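Here is a predicted model to be read through questions and answers. Please keep the sequence and the structure in view while following the reasoning.

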Amino acid sequence: MSIEINNESGYDVDEAQVLGLATFALDFVRVHPDAELSIVFADVAMMEELHVQWMDEPGPTDVLSFPMDELRPGSIERQTPPGLLGDIVVCPEVAAAQAIVNRHSTMDEIRFLVTHGILHLLGFDHAEPEEHKRMFALQDEILAAFAAHERKRQRGRA
């Protein structure tokens, strides 16, 4: 995978962990290893500007996804073709506020938002109840599998 991460937010983000999660998530849904993804961490002003420009909604948001080649998840029989997956923009400051409300760490919220953004790039949505159920079930499955993977990796280093 070619995953580029740019932190323009001023917040300290564990980019290595984000890279690990993004790689894991893309492998999980069988995206071709030559696919390209960009993740940008933006400050509130940039996120608000993007939110107004692309969603016509005021104020900053937590995550925006900008698909490029409209790739879809692969299957056991067939990976996606290589291509440009797209861009995900995450606002760590909004994530930090949401983390307090959701009673978990800012990094937990960032992992949630990156996974959510990746699924949007792959065509998932949550506007309808059935879509919501499907997207959030897969998102939860990816995050749980990544957490288990990280625990196993940490035990291997001990």
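Q: Which residues of helix H2 are buried?
A: Helix H2 runs over residues 44-55, and a residue of this helix counts as buried when its relative accessible area is under 20%. In this predicted model, the residues of H2 that meet this are Met47, Leu50 and His51.

Q: What arc around the axis do the buried residues of H2 cover?
A: The buried residues of H2 are Met47, Leu50 and His51. In an α-helix there are 3.6 residues a turn, so residues three or four places apart point the same way. The buried residues lie on the same side of H2 because they cover an arc of only 100°.

Q: Which exposed residues does the face of H2 turned away from its buried side carry?
A: The buried side of H2 is covered by elements that include E2, strand E3 (63-67) and E4. The face turned away from that side carries the exposed residues Ala45, Glu49 and Gln53.

Q: How far apart are the end C-alpha atoms of H2?
A: With 12 residues at 1.5 Å a residue, helix H2 should span 16 Å. The computed distance agrees with this expectation, the end C-alpha atoms being apart by 15 Å.

Q: Which helix supplies the largest share of the largest nonpolar core?
A: The largest nonpolar core has 35 residues, and Val18, Leu37, Ile39 and Ile118 have the most contacts inside it. Among the elements that each supply at least two residues are strand E1 (2-8), helix H1 (15-28) and helix H4 (106-121). The largest share, 7 residues, comes from H4.

Terms used:
Residues numbered from 1 in each chain as written. Predicted model: local features only at pLDDT ≥ 70, side-chain atom pairs only at ≥ 80, totals over all residues. Heavy atoms only, no water. Core = buried A, V, L, I, M, F, W, Y, C linked by side-chain atoms within 4.5 Å. Buried < 20%, exposed > 50% of the residue type's maximum accessible area, 1.4 Å probe, protein only. Helix = DSSP H or I, 4+ residues; strand = E, 2+ residues; numbered from the N terminus. Expected span 1.5 Å × (residues − 1). Arc of directions from axis to C-beta. Contact = heavy atoms within 4.5 Å.
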